[in-house]
Amino acid sequence: MAAIEDNNPKNPNPSETPRKRRPSLPELWFKDQQLKHAIFRMQQLQQAHSNSNSNSKNLILGGDPFSVLSDESLSFILSKVPISQHFSNSLVCKRWYMIQGQLIRSITLFDWDFLESGRLTCRFPNLSEINLAPACFRSCWSSGILMSHRLVSIHLDSEIVSDSLIGSEGVLGSRLIDRGLKVLADGCPNLSKLALVNSSEKGLGDLAEKCLILQELEIHCCEDMSLTAISGFKNLQILKLVGCVDGLYDSVVTDIGLTMVAQGCRRLVKLELSGCEGSYDGIKAIGQCCQMLEELTLCGHKMDGGWLSALSFCSNLKTLKLQSCQSIDSCPGPDEHLGSCPTLEELHLERCQVRDKESTKALFLVCESIREISLQDCWGLEDDIFRYAVNCRRVKSLSLEGCSLLTTEGLDSVVHKWTELQTLKVVSCNSIKDSEITAELATLFSVLKELKWRPDSRSLLASSLAGTGVGKKGGRFFKRIVTMVDKRK
């Protein structure tokens, strides 16, 4: 039988229990403080656990996880979303609706009441680009007649369609336009690009007073007197004036309006005149006052004869574009009085009539220092007329597209005179044949840096289908039908 060891040798009599000592006051005080700290810590942990449970319950029940984000953070996130999802994002909630509207910088307006009522500036307060042109026309949305033009597309009422299609009745009045422009200027002072129709001096004045950083302006149905307030746009760099548009509306911009533009917009870099009248005096005023002008575009111009010689006053002009012009210059004058534009580098002609030899010759004389020539769908460009381009001896790039009257001989006679030619593009010029290429022309092609040669679309199609058998079976089929019909007869 094993003996049990005594663990308390100091107490020889185990039947007698020792007395417990009472704790001192410091021990009682520190013990209560530790208990309080422990209880407080447990309460903190329990509260944090309950908050986490409530947040998880909110997420499970469909709460807003973005509510903890500031407007700046949410705006930054939504700005990274593709444009195709902007509309769906604005439908999430009212907050997203407002923030998404603040991110929009450019819109096209179709309802003028949306602007005049103030809803536009409230919905999109940070707009920098807006096109008001579609909303300035009285469009009959219930009509099935849609008129599309490169400037505007509207629905026409079949009962009021006349020779002018739109006319003065189809455009909103200038007073109504001015009221809307006043609302726009007050609500969106950070505009940098604007397109409008039929504005008066008052409307342009309100814009110039409030929109101090406006840099690009496009005005349709423009008149001379409405341009008196254009001098208020101190930072305007790009200006497009649309006067008369055949079949749509008739407005008149003459030398008076061009002179106002020249004196008021001295920082212009690009100027486009569409359907504008004028003459030597108007172009001369622009060249003398707008010394920073680098690009001039004339579209369907109605200029008087002699305006070409005024280009010599454009001391910094680099690009000249002529589009849809029925005549380049009806009376250019003697060659010795034309002058030249030494800084001009590019000449672009699109859908222009170049049948008049005198005006085409005068054009190439004025542009004798150009480096790039682009001729697209120009009617009347024959070999004799194209030979006047020899006067431009510094050409490095030539682009021909849709010039069906120009032959291989005419092209060969000009490009050999251009010793600096590096780029050649010939597309859809059906009178230029591959079989007529000379050895000298082929040698020239071999030293070019860039060559795009697709002159005859029909020969290109035939060569691409060679060996495939396409086109032959159909011919045999029709031959069989013809023989069967002849036998029946």
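In this predicted model, 39% of the 489 residues of the protein count as buried. The accessible surface comes to about 28200 Å², and carbon and sulfur atoms account for 53% of that area. The chain is arranged into 16 helices and 17 strands. A look at the contacts shows how the chain is joined up: among those between residues at least 6 apart in sequence, 68% link residues at least 24 apart.

What lies inside can be described through the nonpolar cores. The largest of them has 116 residues, and those with the most contacts inside it are Leu 132, Leu 322, Phe 386, Leu 398 and Trp 418. Helix α11, spanning residues 357-366, gives the most to this core, with five residues. A second core, separate from the largest one, has five residues, among them Leu 74, Trp 96, Ile 99 and Leu 103.

Leu 322 offers a good place to pause. Leaving aside residues up to four places away in sequence, Leu 322 touches Leu 298, Trp 307, Ile 328, His 348, Leu 349, Glu 350, Cys 352 and Leu 363. The strand β12 covers residues 319-323, and four of its five residues are buried. Two strands pair with β12. One is β10 (residues 295-299), which runs parallel to β12 over five bridges; here Cys 299 has Gln 323 as its bridge partner. The other is β13 (residues 346-350), also paired with β12 in the parallel sense over five bridges. In this second pairing, Lys 321 stands opposite His 348.

Two helices show how buried residues can be covered by their surroundings. Helix α13 (residues 408-415) is largely enclosed by the rest of the structure, because six of its eight residues are buried. These are Thr 408, Gly 410, Leu 411, Asp 412, Val 414 and Val 415. Which elements cover them? The cover includes two helices, α12 (383-386) and α14 (439-447), together with the strands β15 (397-401), β16 (423-427) and β17 (450-454).

Helix α8 (residues 201-210) can be read in a similar manner. Its buried residues include Gly 203, Leu 204, Asp 206, Leu 207 and Ala 208. The spacing of such positions is easier to follow with one rule in mind: an α-helix has 3.6 residues a turn, so residues three or four places apart point the same way. The buried residues of α8 pack against helix α7 (174-187) and against the strands β5 (193-197) and β6 (216-220).

Conventions:
Residues are numbered from 1 along each chain as its sequence is written. This is a predicted model: local features need pLDDT of at least 70, side-chain atom pairs count only at pLDDT 80 or more; totals for chains, interfaces and linings use all residues. Side-chain values use heavy atoms; hydrogens and water are left out. A nonpolar core is a set of buried Ala, Val, Leu, Ile, Met, Phe, Trp, Tyr and Cys residues joined through side-chain atoms within 4.5 Å. Buried means under 20% relative accessible area, exposed over 50%, partly exposed in between (1.4 Å probe, protein chains only). Contact means heavy atoms within 4.5 Å. Accessible areas come from the Shrake-Rupley method with a 1.4 Å probe; for residues, only the protein chains shown count as cover. Two strands pair if DSSP finds at least two bridges between them.
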